[in-house]
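Hi everyone, thanks for making the time. I'd like to walk you through one model, starting with charged pairs and ending with a hairpin. Please have a look at it before I begin.

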Amino acid sequence: MADVNQGSVLPGETSPPALDGLNATDSNGTDAVNATVAKFVATPEGTALAYGSLVFMALLPIFFGALRSVSCGKSKNSSDMPETITGRDAARFPIIASCTLFGLYLFFKIFSQEYINLLLSMYFFVLGILALSHTMSPFMNRIFPANIPIKQYQLLFTQGSGETKEEMVNYEFDTKDMICLVISTVVGVWYILKKHWIANNLFGLAFALNGVELLHLNNISTGCILLGGLFVYDVFWVFGTNVMVTVAKSFEAPIKLVFPQDLLEKGLGASQFAMLGLGDIVIPGIFIALLLRFDVSLKKNTRTYFHTSFLAYIFGLGLTIWVMHTFKHAQPALLYLVPACIGFPLVVALLKGELTEMFRGTSETATFSASRKHGSLERRNPKRCSQRVSPRIAPTETNIFLVRRGAGRMPYGQRDMV
C-alpha cells in the first residue's frame, strides 16, 4: 500500500514478482516521488475513504475466489483444472521471485523505462482482457437472455503438419463469451489510453480473483512454507535494500488496486492514490481458499477455518495501515498478514483438537486428485484432439483458424496447451 502521485505504482504481481512482490507500504508524503512536488496532505475523511475502499476491494477477490476454487477443484473438465502448488514449488517460489525482482531492477537501470513499460502495458493488456473475460463469464451466464441463440466457436493454434502436427492452443467459446471479450477489450483500451484508476482496478480485481481461484496449495504445510518464505522475502527487499521501492516506482501495470485520497475534493479526476499490491491479496488469498476447501472436506457444514482466516486477514491489513501511519515508514504488508493468516487458524485448530488432522490431510479430496490426474494426461496428449483439426487446411508450419462448433463447449479462456 502506498500514498504516491499518479503515475507511480506499487504493484503486487501476477507471476512470481507479481504475486508476492512489490507490495511495500508507504506512509503519506514520504514516497520519493513527492520530493519534486508540493506535499499533499490528505483529509481524515479522504484517508478513511481510501483505505476503507482498498480493504473492501481486497476482500472481494479473496471471498469470491475462494468460493469459486471449491467448484473449480471439482470440475471434470481438464481445461478447468487449477494449478497445484507443491511443497517444492513453494520452497523455490521466493528464490524465483527474488531473481525476477532483481532482474527487473537491472532492466530499469540499464534500459529506458518508457520502452520497458510499453512492452509491459501490452503484455498486461492481453492478460487483463482474458482475466476479466473469465471473471465475467459466470455472471453473463446468469443474465444472458434465453431467447437469443447461442453459437459456439473454437480457436485452434497448431504447429507442424501431417503426423507431426501439434495443438498448441485450443479455445472453445460461445456468444456469451464473445460479449465478455468485447466488454473486456473496451476496458483494456480505456486503460491503455487513459491509465484511469477505475480501469486499473477492474483488471487488478480480475487478476486477483483468478489467482485465488486457480492457484491451489496441495496442503497446509505447503501453505505455511509459501507464506513463510514470502514473509522473509518481503521483509528483506523492503527493509534491506532499495530494489523493491525502485522497481515499484518504475513499474507501470494494472497489478495493484488504487483509490484516490482526494476523491472528495477532485472527484474522478483525483490523482493522489493509496495503493495495495496484488501480492498482498493473492498470496494470503490462496491460503484462505485452501482453508475453505479444508472446511468442505471435513463435511461438518461449518466454515470455521475460512471465517477465522478471513477475519485474520482483515486484522492483519488493518494493522499494516495503523503501523504505517504511526511510524511514517514503508511497511511490507506480508510482515503482518502472514502471522495473522497462519496463526489464527492454527490456534483454532489447536483448541478444537484438529491440528494433527489439518496437517495430515489435504484440502483436495480423492476425487479432486483423480480428476486432476486425468486432466493432466489430457493436456499433455495433443493427439487426442487431432480429430478437431480440419483436414482441408493445407499443411503449413503453423496454422491458426476459427471454426464454428456445434457441441463440446467449454468456457472462454480455457485452453489445452502442450
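Let me start with a term: a salt bridge here is a side-chain nitrogen of Lys or Arg within 4 Å of a carboxyl oxygen of Asp or Glu. Two notes on the source, too. This is a predicted model, where local features need pLDDT of at least 70 and side-chain atom pairs count only at pLDDT 80 or more, while totals for chains, interfaces and linings use all residues. Residues are numbered from 1 along each chain as its sequence is written, and side-chain values use heavy atoms, with hydrogens and water left out.

So, the charged pairs. Side chains of opposite charge can pair when their charged atoms come close. How many salt bridges does a search of the whole structure find? The search finds five. One of them joins K352 and E354, at 4.0 Å from N to O. Another joins K300 and E354, at 2.5 Å from N to O. That second pair links distant parts of the chain: K300 and E354 are 54 residues apart, with K300 in the loop between α10 and α11, and E354 in the loop between α12 (334-352) and α13 (355-360). For the helix and strand names, I'm using DSSP runs, numbered from the N terminus: H or I over at least four residues for helices, E over at least two for strands.

Put together, K300, K352 and E354 are linked in a network of salt bridges. Is E354 buried or exposed? By the cut-offs here, buried means under 20% relative accessible area, exposed means over 50%, and partly exposed is in between, with a 1.4 Å probe and protein chains only. E354 has a relative accessible area of 4%, so it is buried. Its partners are another matter: K300 is partly exposed at 42%, and K352 is partly exposed at 40%.

There is also a local pair. D89 forms a salt bridge with R92, and the closest N and O atoms are 3.2 Å apart. Both residues lie in helix α3, three residues apart, which is about one turn of the helix. D89 is partly exposed, with a relative accessible area of 28%, and R92 is partly exposed too, at 39%.

Now, backbone angles, which I know some of you enjoy. Most residues other than glycine have a negative phi, and most peptide bonds are trans. K195 has a positive phi of about 50° although it is not a glycine. You'll find K195 in the loop between α5 (175-194) and α6 (197-214), where it is partly exposed at 31%. N301 is another non-glycine residue with a positive phi, near 55°. N301 sits in the loop between α10 (279-298) and α11 (304-327), and with a relative accessible area of 77% it is exposed.

Next, what the record says. The UniProt annotation "transmembrane region", from an unreviewed entry, covers several spans, including residues 114-132 and 178-193. Such annotations may be inferred rather than shown by experiment, and the positions are given in the numbering used here, with feature names shortened. In the model, residues 114-132 are 100% helix and 0% strand, with end C-alpha atoms 26 Å apart. Residues 178-193 are likewise 100% helix and 0% strand, and there the end C-alpha atoms are 22 Å apart. As for contacts along the chain, the C-alpha atoms of L127 and G188 are separated by 9.7 Å, though these residues are 61 apart in sequence. L127 is in helix α4 and is partly exposed at 28%.

Last, the hairpin. Which strands form it? They are β4 and β5, with six residues between them, and G160 in the turn has a positive phi of about 90°. Strand β4 (residues 152-159) and strand β5 (residues 166-174) pair in the antiparallel sense over eight bridges; pairing means DSSP finds at least two bridges between the strands. Q152 stands opposite D174 in β5. In a regular strand the side chains alternate between the two faces of the sheet. On β4, the covered face holds Q152, Q154, L156 and T158, and the uncovered one holds Y153, L155, F157 and Q159.

That's my tour, and I'm happy to take questions.
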